[in-house]
Amino acid sequence: MSCLQDLGRPGLQHLGVSESGAMDRFSARVANALLANDVNAPLLEITLNGTKLKIMHAQWFAVTGADLSAELNGEPIPLCQPVFISENSILHFKRTQNGCRAYLAVQGGFAGEQVLGSVATDSRSGLGGFHGRWFQKNDQLAFQQITQTKIQNIHWHTRFAHPDFQPDEPLYFIAGSYWQNLTEKQRTQFQQQAWRVSAQSDRM
């Protein structure tokens, strides 16, 4: 379920178009801010562990969000700070330590199909992103090529603290239009029951 996202396409739900966009918008904004990108620059949302990428061209990158034990050519790379990655390097998100979605930004942003003002992937509708779907083995994704001169003229001075999310924090919800269809007993059961996210779930 790793995919290309930005901040989504809000305001179109009355037309049946999902908002989509990054699940963790704070982390997505931080990733782009670290590279002096536009706040809405497309970036990769990487879900859980196992994703392995070959970086074909050298560029500045940043990883934020969940700690998925990212390694560059077998060595750990830091979260929430710019990292220069040389050509033909291997970036591997090995195992989940904390959280489930990390964000990989590249200076200048990734290239993607813009639909209704957004590159965000909506896999159910097949809109945006990379052919409207999750990434698959051997996919090739382009990003903006920025000259070495421009890279050297940027001074990194901002570092963000990585949030410490605890596994037992409460999960808040907003009662939607179907809430009124539940009985009082069902509402109580919903709020008091322990829930586990299974492999049958998706971003929706």
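In the predicted model, K94 is partly exposed, its relative accessibility being 30%. The side chain of K94 forms a salt bridge with that of E71, with an N to O distance of 3.8 Å. The two residues belong to distant parts of the chain, 23 residues apart: K94 is located in the loop between β8 (89-93) and β9, whereas E71 belongs to strand β5 (residues 70-72). E71 has a relative accessibility of 17% and is therefore classed as buried, the limit for that class being under 20%. This salt bridge thus pairs a partly exposed lysine, K94, with a buried glutamate, E71.

The pair K94 and E71 is one of 5 salt bridges found in a search of the whole structure. Another joins R101 and E45, whose closest N and O atoms are 3.7 Å apart. Because R101 lies in strand β9 (residues 98-106) and E45 in strand β2 (residues 43-47), this pair ties together parts of the chain that are 56 residues apart in sequence. R101 is buried, with a relative accessible area of 16%, and E45 is likewise buried, at 0% relative accessibility.

A further salt bridge is formed between the side chains of E19 and R25, at 3.3 Å from N to O. Here E19 is partly exposed, with a relative accessible area of 26%, and R25 is also partly exposed, at 28% relative accessibility.

Attention now turns to the nonpolar residues. In soluble globular proteins, nonpolar side chains tend to be buried together. The largest nonpolar core of the model comprises 21 residues, among which F61, I85, F93, L104 and F110 touch the most other members. At least two residues of this core are supplied by each of β2, β4 (59-67), β5, β7 (83-85), β8 and β9. A second, separate core contains 11 residues, including A22, A31, L43 and A105.

The surroundings of F93 were examined individually. When residues up to four places away in sequence are not counted, F93 touches I46, N49, G50, T51, L53, V63, L68, S69, A70 and A102. Among these contacts, I46 falls within the range of strand β2 (residues 43-47) and A102 within that of strand β9 (residues 98-106), the strands that carry E45 and R101, respectively. A70, also in contact with F93, falls within the range of strand β5 (residues 70-72), the strand that holds E71.

Methods: Residues are numbered from 1 along each chain as its sequence is written. This is a predicted model: local features need pLDDT of at least 70, side-chain atom pairs count only at pLDDT 80 or more; totals for chains, interfaces and linings use all residues. Side-chain values use heavy atoms; hydrogens and water are left out. A salt bridge is a side-chain nitrogen of Lys or Arg within 4 Å of a carboxyl oxygen of Asp or Glu. Buried means under 20% relative accessible area, exposed over 50%, partly exposed in between (1.4 Å probe, protein chains only). Helices (H or I, at least four residues) and strands (E, at least two) are DSSP runs, numbered from the N terminus. A nonpolar core is a set of buried Ala, Val, Leu, Ile, Met, Phe, Trp, Tyr and Cys residues joined through side-chain atoms within 4.5 Å. Contact means heavy atoms within 4.5 Å.
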